[in-house]
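Hello,

Here is the structure I said I would pass on. Please open it next to this message, and then read my notes below.

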Amino acid sequence: MSRLIVISNRVSRPNKSGNQGGLAVALAQALRESRGIWFGWSGETTDAFTGHIGFAEDQGVKTATIDLEEQDVDEYYNGYANKTLWPLFHFRIDLAEYARDFEGGYNRVNKRFAETASPLIEPDDVIWVHDYHLIPLGQMLRDRGLKNRMGFFLHIPWPPTRLLVSLPHHSKLVSTLFAYDVVGFHTEEWLESFRHYVEREMGGTVDGDYVTVGDRTIQAIACPIGINAQEFKDAADSETAQAMFGKVRASLQDRPLVVGVDRLDYSKGLEERFNGYARFLKDHPEHHRKIVLTQIAPPSRGDVESYQQIRATLDSLAGRINGEYSDVDWTPIRYVNQGYPRDELAGIYRAAKIGLVTPLRDGMNLVAKEYVAAQDPKDPGVLILSRFAGAAMQLKDALLINPYSPEEMSDAILRALAMPLDERQRRWRAMMDSVEKQDIRWWREVFTSRLMAVEREPAAAETEDAAG
Ligand SMILES: O=P(O)(O)OC[C@H]1O[C@H](O[C@H]2O[C@H](CO)[C@@H](O)[C@H](O)[C@H]2O)[C@H](O)[C@@H](O)[C@@H]1O
Ligand SMILES: O=c1ccn([C@@H]2O[C@H](COP(=O)(O)OP(=O)(O)O)[C@@H](O)[C@H]2O)c(=O)[nH]1
């Protein structure tokens, strides 16, 4: 059986911290079941790049990591990845910064990844590269002679062509995707935008899953990531979760809880969420003192200015709303800038009558699925979900809303609070079926089985061996 080599920007060891991004959580689970290696950046910086690889094995996940120079982190991670591609791919060209240094740093770090990872790769290995940090890596590995089956998965949206063309050298970047054999997106919408770009900007053709530019044909598929539903259900029943559930419920004094859990990111629609909740408080004085919104928002990408700005905006907005509506024994918003481990989160999700997930754009949004998985089947809460999250394509029985409309959000909160048990159960069951069926294992198997089925060109050494 072929080994799986996963390559992503961040390599996060299981349980190292309770504050992990969705990709990190998903890949740890997927890799544990394979004998592969997870290669990426250690998260550490070094004075001069050495190419030294640190190997480790934690809970069945083998990792190989490299340190980067500070300039690399500035130009590649903070710069091109998070000041250029992230805002652009989340439809925020107003926030996107286009700088040659960023592009140069991005290519330099991708080259560093290619140089250090390639000696670890054997001809029969299957390589799976993840996310917008590493788009050109596949091409760089091919340039080094690798003939392996190679896949790429984009965890964030693919933007409409009319936005993507604002990126300098956009077609150069997109053309590198044709070095892979299979390219995956979370939803049909992102896939459709990719195909549109290829046809309009690159003169490519589309035939079902096959997309051709020049002499290269790749498979481009929609394959939504899931969660480990069973593990999450178990987490919600664990002692830790129950203790957290009890602590949260006791603090609420019978008030229903609305919960939000997000990295502190402008794409998550936190400002709009606070405004929608404030609208609810304004429109429904009868609910004053009878509801609490707890927003868990661990800070993220704090070296990037737009993230510092959203943090400042939310600090003042939460303060303003609380100042306006609080009473001596009631605070309408509990705004928490710290992360929680997943089993504690499961208890918090279960304690909440409403899960409020309102991104303005989101590749998938695993929190929405985790909220569903953590509910008590006998008395499930209601998920209010932005129609602009990838998860909305599957969780159609959530209360789907437009996060830009405070009225819609306010109406949905009112409706969720009053929703009868049988409707809550019916909606939850339909969502849970989807979360259980298209779980993390399903996602990995759909993608890797496509990749495994690709006919591999033998490496030069293998052809020579065969010739005897
Ligand atoms: O590594 P960070 O810069 O701290 O960011 C954390 C992760 O954020 C993004 O997550 C995306 O992937 C999720 C799983 O597929 C998806 O549900 C979510 O909608 C996306 O935003 C990013 O794409 C990851 O690379 C980061 O690790
Ligand atoms: O305090 C926290 C906040 C978030 N998460 C996890 O971080 C992930 C967030 O993934 P999502 O797809 O929702 O968004 P992303 O941050 O990847 O854009 C989910 O698995 C959450 O359980 C966590 O473990 N602790």
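Helix 13, residues 366-373, is mostly covered, with 8 of its 8 residues buried. This is a predicted model, so please read every value here as computed. The buried residues of helix 13 include nonpolar ones such as Leu 366, Val 367 and Val 372. Lys 369 and Glu 370 are also buried in this helix. Buried here means under 20% relative accessible area. The N-terminal end of helix 13 has a cap, Asn 365. A side-chain oxygen of Asn 365 lies 3.1 Å from the backbone nitrogen of Val 367.

Next, the ligand site. How many residues surround ligand 1? There are 20, and the closest are Arg 10, Tyr 77, Asp 131, His 155 and Asp 362. By type, the shell around ligand 1 divides into 8 nonpolar, 7 polar and 5 charged residues. Both domains take part: domain 1 (4-226 + 441-455) and domain 2 (229-437) each give at least three residues to the shell.

Three polar contacts of ligand 1 are worth a look on screen:

- His 186: an N or O atom of its side chain is 3.1 Å from an oxygen atom of ligand 1.
- Arg 301: an N or O atom of its side chain is 2.8 Å from an oxygen atom of ligand 1.
- Met 364: a polar backbone atom is 2.8 Å from an oxygen atom of ligand 1.

On its own, ligand 1 has 560 Å² of accessible area, and the protein covers 94% of that. Two elements give two or more residues to the shell around ligand 1: helix 1 (22-32) and helix 2 (70-89).

Now the chain as a whole. The protein chain has 17 helices and 16 strands. Its radius of gyration is 23 Å, close to the 23 Å that the globule rule gives for 468 residues, so the chain is as compact as a globular protein of that length. The C-alpha trace spans about 80 × 45 × 40 Å along its principal axes. Of the 468 residues, 57% count as buried.

One last residue to find: Val 198, in helix 7 (residues 188-202). Is Val 198 buried or exposed? Val 198 is buried, because its relative accessible area is 0%. Its C-alpha atom is separated by 8.9 Å from that of Ser 171, and the two residues are 27 apart along the chain.

Best wishes

How values were computed. Residues are numbered from 1 along each chain as its sequence is written. Chains are lettered from A and ligands numbered from 1 in the order in which they are written. This is a predicted model: local features need pLDDT of at least 70, side-chain atom pairs count only at pLDDT 80 or more; totals for chains, interfaces and linings use all residues. Side-chain values use heavy atoms; hydrogens and water are left out. A residue is near a molecule or strand if one of its heavy atoms lies within 4 Å of it. A polar contact is a pair of N or O atoms within 3.5 Å; within protein, one must be able to donate a hydrogen and the other to accept it, and residues adjacent in sequence count only if both atoms are side-chain atoms. Accessible areas come from the Shrake-Rupley method with a 1.4 Å probe; for residues, only the protein chains shown count as cover. Helices (H or I, at least four residues) and strands (E, at least two) are DSSP runs, numbered from the N terminus. Ala, Val, Leu, Ile, Met, Phe, Trp, Tyr, Cys and Pro count as nonpolar, Asp, Glu, Lys and Arg as charged, and the others, Gly among them, as polar. Domain bounds come from an automatic or database domain assignment. The radius of gyration is taken over C-alpha atoms; the globule rule is 2.2 Å times the number of residues to the power 0.38. Buried means under 20% relative accessible area, exposed over 50%, partly exposed in between (1.4 Å probe, protein chains only).
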